[in-house]
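Subject: The structure we talked about

Hi there,

Here is the structure I promised to send over. Have a look at it when you get a moment, and then read on for my notes.

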Amino acid sequence: MDDLIIQNVNLETSENLEIHRTEGFSSSNALVVRRGVPFRVSLQLMGRPFNPRTDSLRIKVMLGRLYVVMPVTFSNKVSNSKWKAYMDPEDLNHQNPYIFISSPASASIGHYSFQLYVFTQDSQKRYPLGKFILLCNPWCREDTVYIPFEEQREEYIQNDSGLLFMGTAKNPVSRPWSFDQYEAGVLESCLSLLQVSPLHQKNKRTDYLNRNNPVYISRVVSAMINCEDDRGVLKGNWSGNYKQGVHPSMWTGSGDILRQWAQTGYNPVEYGQCWVFAAVMCTVMRVLGIPCRVVTNFNSAHDTNKNLVIEEYYSEKGEKLSHSRDSIWNFHVWVECWMARHDLGSGMHGWQVLDPTPQERSEGVFCCGPAPVKAIKDRRTDLFYDIPFVYAEVNADVNTVIVSQGRVVSQSTDTEKVGRLVCTKAIGCPKLQNITRDYKTIKSPNLTPKSSSSTISENSTLKKAGSSKGMLILLSLDKAPVNGEPIDFTVQVINKQSAAKMVRLNVNAQTKEYNNDPSDTIWESQGIMQLAPMEVKVLSLQITPAQYKIVAVDDLINLAVVLEDIASQECILASEEFNIASPDLLIQTADDNSMVIYKEQTVKVSFTNPFSQPVSGVLTVAGAGLIQDKVVFRMSSLRPGGRVEQCITFTPSMVGRKMMQASLTLTNINSTIRGFKMVSVKRA
């Protein structure tokens, strides 16, 4: 009998990518599929056809030195617990047969190779079939990363753009970010991250076996995003000196970072801060098939002595002092990943906190999580991983102390400042979703974190911080501050008693970074006033753009008012930390919903100078799936009130909802102006 000769093997790439929802990875050299679902390969035979009675086939699948060999059967009943290869007996083409290969829903993810063994009556031959990349499958009910709703899978797996929230709880600022998971080289960089990790280098076999578990995978990725213990992706820098690399605020997407890391031989990319670490981790997790979203915690506590109390010190002049090792970041950014926690019980399934920013060691390594959000809310500090640390970030109390000449003159406690707002991007639209209640019980539901000024009720600890038996002081911004405009705010001074008072008022504004205590005083005002019995005085104050011009891009202002009863030396304080929003870039298209793939399109980016002086800068426009490379333009001097427009021509290469983003870095003012536009690209 003639030999059975295989002339060609077809991985049926187009059909498999569609079935496995991996069309975005079509540029990969390997077939990209998801576990728990069969994929198909076809054989083209030369000479005689396949004879099921005398010929038999086996498939060998290899991950590193691990392998499984399976016979090709004629039963299409798929197992969720083991590998299987089969032909469909009802649709068997003997000259060009199809083979279906099905992985278990618990298979290890990674870069596989596979071979075909052909057995006839007279011979045995081996044929290489190629390579495939196996990812987690949130569409598969048996997969531990299964997430039930399609809109969730579209947002937390397939969406290649999003928003990061920064600023303050009362004035959150959204920053566009391109996750870039379908851009060239990103998939390969994410797989390399697993290979470069110390756990893989230490014991490849054990690492491959553990890659079936998203808990293990997520801890590896959390550690590998920073470079404190390994050849990780990003080097953190909070010094203010970024001359050796890129300022963290200048990154607009994950693709540049991951590609640079891989192309330089896995040398850390300089530099990152919390939102960059989190956004890059979100990209890696989505690439690997684990649902992921970026989360911001406003007023995030770092409780170094683990007593759930953060102490803040002020002078009698309203200056915030650096007297404590504990700290509160105005915001901190981490990620949540969706997975089952069979190691903890079904009650802990769902969203898990993971934090790649290097802050504290977890089992000897700079990583954090996965910590179930449900466990954080329930204070289940006995469970894995790192729940006490995350719990403190959203729940610590703040003890505010006023000191004068080395002695304490006032103390007050705020139980609601820390974790004031926890949020993420809403599903399907560019808006903020408040998820604070997932993390903690809201003690005062009438506090509105998204308002632009203080909301104070009789039961609010905000009021108590500025109140005593005899006096009350209220501080509020008149509107959300915008760069180039004056900062107007109001101070109300109230005498709560029936006797007149002589009081001293100190108002102080300091610049501060989001993760540090305030530094320089940029504005201050002092005065003495007489208060009649039960009198209320309202002061309207203003900080001009010239007075706050030294505030660096993305920095904030700490504004504090100390009221002192001169007779009793009693002091009370009210304070507010706020960001200064930048004006937006305007991106316009002829029709947001009329873009067609592979057809040339045009957008117009425009900017109006709101500043009181001429500005110049560099405009950068990018868009994953829209623009092949970043487009850069130099903007010459633009007079105050002047308007500039720039048209950009591009050809979309992917269908779906895509983000066009632009940033204008001003060279003579410490500011970066940003804007984004969501567009829909359709098939021709």
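Below is what I found in it, region by region.

Please keep in mind that this is a predicted model.

**The sheet around strand 28**

Let me begin with an open sheet of 4 strands, ordered 29-28-31-32 and paired in the antiparallel sense. The edge positions belong to strand 29 (521–531) and strand 32 (570–579); each has a single partner strand, so one side of each has no neighbour in the sheet. From one strand to the next, the twist averages 15 degrees.

Strand 28 covers residues 501–512. On one side, strand 28 pairs with strand 29 over 10 bridges, antiparallel, and here M502 stands opposite Q530. Strand 28 is also joined to strand 31 (residues 556–565) by 10 bridges, again antiparallel. If you want to follow that pairing by eye, N506 stands opposite V562 in strand 31, and A509 stands opposite L559.

How much of strand 28 is covered? Of its 12 residues, 10 are buried, so to speak of a mostly covered strand is fair. M502, which lies in this strand, is partly exposed, because its relative accessibility of 38% falls between the 20% and 50% cut-offs. Together with I528 and I566, M502 makes a nonpolar surface patch of about 250 Å².

**Salt bridges**

The count comes to 27 salt bridges. Three of them are described here.

The first on my list is between R361 and D229, whose closest N and O atoms are 2.7 Å apart. R361 sits in strand 19 (residues 361–362) and D229 in the loop between helix 6 (214–225) and strand 12, so this pair ties together parts that are 132 residues apart in sequence. R361 counts as partly exposed at 48% relative accessibility, and D229 counts as partly exposed at 29%.

Next comes E577 with K320, where the closest N and O atoms are 3.2 Å apart. This pair links distant parts of the chain: E577 is in strand 32 and K320 in strand 16 (residues 320–321), 257 residues apart. Are these two residues buried or exposed? E577 is buried, with a relative accessible area of 14%, and K320 counts as buried at 7%. Strand 32, where E577 lies, is also one of the edge strands of the sheet above.

Then there is K479 with E485, whose side chains meet in a salt bridge of 3.1 Å, N to O. K479 is partly exposed, with a relative accessible area of 45%, and E485 counts as partly exposed at 28%. Elsewhere, salt bridges that share partners join E312, K320, K417 and E577 into one network.

**Aromatic pairs**

There are 22 aromatic pairs by count. One of them is formed by Y242 and Y271, a tilted pair with 6.1 Å from centre to centre and 55 degrees between the planes. Where in the chain do Y242 and Y271 lie? Y242 is in the loop between strand 12 (234–236) and helix 7 (255–263), while Y271 is in strand 13 (residues 269–272), so the definition of these elements places the partners in distant parts of the chain, 29 residues apart. Both Y242 and Y271 are buried.

You may also like to display the cluster in which ring pairs link W238, W275, F277, W329, F331 and Y514.

**Two helices**

Helix 3 (residues 186–196) is mostly covered, with 9 of its 11 residues buried. The buried residues are V186, L187, S189, C190, L191, S192, L193, L194 and V196.

In helix 10 (residues 387–395) you will find N395, which counts as buried at 19% relative accessibility; the cut-off for buried is under 20%. N395 and N137 are 258 residues apart in sequence and 34 Å apart in space, C-alpha to C-alpha.

That is the tour. I hope you enjoy looking through it.

Best wishes

How values were computed: Residues numbered from 1 in each chain as written. Predicted model: local features only at pLDDT ≥ 70, side-chain atom pairs only at ≥ 80, totals over all residues. Heavy atoms only, no water. Patch = residues over 30% accessible without salt bridge, like charges linked within 9 Å, V, L, I, M, F, W, Y side chains within 5 Å. Areas by Shrake-Rupley, 256 points an atom, 1.4 Å probe, with all protein chains shown as cover. Salt bridge = Lys/Arg side-chain N within 4 Å of Asp/Glu carboxyl O. Helix = DSSP H or I, 4+ residues; strand = E, 2+ residues; numbered from the N terminus. Buried < 20%, exposed > 50% of the residue type's maximum accessible area, 1.4 Å probe, protein only. Pairing = 2+ DSSP bridges. Axes fitted to C-alpha atoms, helices over the stretch in contact; angles between N-to-C directions. Phe/Tyr/Trp six-rings, centres within 6.5 Å; stacked < 30°, edge-to-face > 60°.
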